[in-house]
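I set out to look up the annotated binding sites and the surroundings of one ligand. My notes follow the display.

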Amino acid sequence: MTPRISVLGAGSWGTALALLIARNGVPTLLWSHRREHAQTMAAERRNARYLPHAAFPETLAVTADLAEAVAAAGDAVLVAVPSHAFRATLELCTPHLQPEAGLMWATKGLDRTRGCLLHETAREILGPERELAVLSGPTFAAEVVAELPSAITVGASSEAFGAKIVSWLHNAYFRAYTTDDLIGAQLGGACKNVLAIAAGISDGLGFGANARAALITRGLAEMMRLSLALGARTETLMGLAGVGDLVLTATDNQSRNRRFGLGVGKGRPREEIHAEIGQEIEGILAARLIHELAGRKGVDMPITAQTYRVLYEGLPPEEAVRNLLLREPKPEWGC
Ligand SMILES: NC(=O)c1ccc[n+]([C@@H]2O[C@H](COP(=O)([O-])OP(=O)(O)OC[C@H]3O[C@@H](n4cnc5c(N)ncnc54)[C@H](O)[C@@H]3O)[C@@H](O)[C@H]2O)c1
Ligand SMILES: O=P(O)(O)OC[C@H](O)CO
């Protein structure tokens with residue numbers, strides 16, 4: 001089998017996307033950075049660690065060799081590693097990329113080293129010519145693998161690349177929309193993780209539905225302020241990658257970020273919550289990077305700022321809530 005797409009990162013989302021593409025009949029290669037994990041997946045023909053019930057189709061192969069995975073991908077490489085590993089993964093794969101292969105990523109977060117958006121990292125490492133695209137939107141891996149209806153935003157550097165990606169992803173249970181707003185698509189996915197932690201904290205403290213709805217709505221307002229300041233368009237944040245993913249993640253306990261916030265709100269030890277979740281909680285790193293980015297851009301993001309203080313400065317969650325509520329009254333929109 002000559003793979004057309006290689007997926008880098010065999011966690012829950014990388015595996016779910018590899019399965020989706022392979023089930024659509026596109027030869028796909030899945031790379032795990034842990035040799036043992038790759039060997040077990042290849043032998044068992046499933047990812048027992050993350051998605052034990054989904055058998056791999058014949059169109060999905062597995063490797064632990066990054067150079068092989070990247071060099072083999074004729075059409076595109078899809079990066080689905082956690083954001084802290086995005087830059088390093090891209091640096092490692094660059095020398096092996098085929099000249100015409102596009103670069104997609106499904107990672108939600110910012111570049112840990114530079115605090116920039118991931119398309120800026122990709123441009124810095126891959127140059128100005130490479131086709132780029134981000135996949136973003138309300139998609140829990142387990143539901144996609146179970147073939148439950150889902151929809152996603154594909155932010156692509158060209159219409160042609162966006163259309164190719166849609167042809168790889170789209171089917172009767174997975175609908176892919178395109179946009180050229182890569183900034184909005186990325187910031188929606190990064191900001192909502194922090195806001196999901198905040199919503200979890202609120203629920204963990206025992207606050208009610210009113211508080212959750214207020215957090216989601218005012219969270220959307222600050223996500224939009226930052227995104228527009230960085231050049232995104234309003235409609236992207238009002239779409240799947242913004243409000244769609246925010247509502248999903250802030251309200252459903254499948255979200256790791258929300259569950260982490262629930263534990264923090266209940267006063268549970270962080271190590272215990274981490275161990276129980278056992279997966280990536282992107283909002284923790286994003287809380288710091290987005291708080292710093294907002295500071296550099298002079299954008300007011302009070303919920304993100306208080307979440308940052310709870311996570312990094314030991315501020316008691318109750319005080320964070322008081323700080324938010326007791327700010328000066330102001331008009332709902334415009335400042
Ligand atoms: N799980 C979902 O439903 C979902 C949906 C949309 C987007 N995402 C995003 O996808 C990205 C990956 O999340 P996930 O849910 O797959 O996480 P996960 O916790 O399920 O898996 C993370 C994987 O990354 C691997 N990994 C860790 N460090 C690595 C490194 N240095 N190099 C290569 N691989 C490394 C781990 O071994 C693990 O296999 C995150 O940015 C997340 O926000 C996840
Ligand atoms: O489990 P979470 O909180 O990382 O959310 C997963 C996806 O980003 C939902 O779209």
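**Entry 1. First annotated set.** I worked throughout with a predicted model. I began with the UniProt record, an unreviewed entry, whose "binding site" annotation covers Ser12, Trp13, His33, Arg34, Tyr50, Lys108, Ala141, Arg256 and Glu282. From this set I chose Tyr50 and Glu282 for a closer look.

**Entry 2. Tyr50.** I located Tyr50 in the loop between α2 (35-44) and β3 (60-63). Is Tyr50 buried or exposed? I recorded Tyr50 as buried, because 21 C-beta neighbours lie inside 10 Å and 20 or more suffice for that class. Leaving out residues up to four places away in sequence, I found Tyr50 touching Gly11, Ser12 and Thr15. Ser12 is itself listed in the annotation that covers Tyr50.

**Entry 3. Glu282.** I placed Glu282 in helix α14, which spans residues 282-297. Glu282 counts as buried because it has 25 C-beta neighbours inside 10 Å. Apart from neighbours within four places in sequence, its contacts are Pro82, Ser83, Lys108, Gly109, Asn193 and Asn257. Among them, Lys108 belongs to the annotated set that includes Glu282.

**Entry 4. Second annotated set.** I then turned to another "binding site" listing in UniProt, also from an unreviewed entry: Lys108, Gly137, Thr139, Lys192, Asp245, Ser255, Arg256 and Asn257. Asn257, noted above as a contact of Glu282, is in this listing.

**Entry 5. Lys192 and Asp245.** I found Lys192 in helix α8 (residues 182-204) and Asp245 in helix α11 (residues 240-251). I entered Lys192 as buried because 33 other C-beta atoms lie within 10 Å. Asp245 is likewise buried, since it has 28 other C-beta atoms within 10 Å. Which residues does Lys192 touch, not counting those up to four places away in sequence? They are Asp245, Leu246 and Thr249. On the same terms, Asp245 touches Ser136, Gly137, Pro138, Gly188, Gly189, Lys192 and Leu240.

**Entry 6. Shell around ligand 2.** I counted 13 residues around ligand 2, the closest being Asp245, Thr249, Ser255, Arg256 and Asn257. Elements giving two or more residues to this shell are α8, α11 and α12 (256-265). I noted that α11 gives the largest share, 3 residues. By class, the shell has 4 nonpolar, 5 polar and 4 charged residues. Asp245, Ser255, Arg256 and Asn257, named among the closest residues, also appear in the second UniProt listing.

Definitions and conventions: Residues are numbered from 1 along each chain as its sequence is written. Chains are lettered from A and ligands numbered from 1 in the order in which they are written. This is a predicted model: local features need pLDDT of at least 70, side-chain atom pairs count only at pLDDT 80 or more; totals for chains, interfaces and linings use all residues. UniProt positions are given in the numbering used here, feature names are shortened, and annotations may be inferred rather than shown by experiment. Helices (H or I, at least four residues) and strands (E, at least two) are DSSP runs, numbered from the N terminus. A residue is buried if 20 or more other C-beta atoms lie within 10 Å of its own, exposed if 12 or fewer, and partly exposed in between; C-beta atoms are placed from the backbone. Two residues are in contact if their C-beta atoms, placed from the backbone, lie within 7 Å. A residue is near a molecule or strand if its C-beta atom, placed from the backbone, lies within 6 Å of it. Ala, Val, Leu, Ile, Met, Phe, Trp, Tyr, Cys and Pro count as nonpolar, Asp, Glu, Lys and Arg as charged, and the others, Gly among them, as polar.
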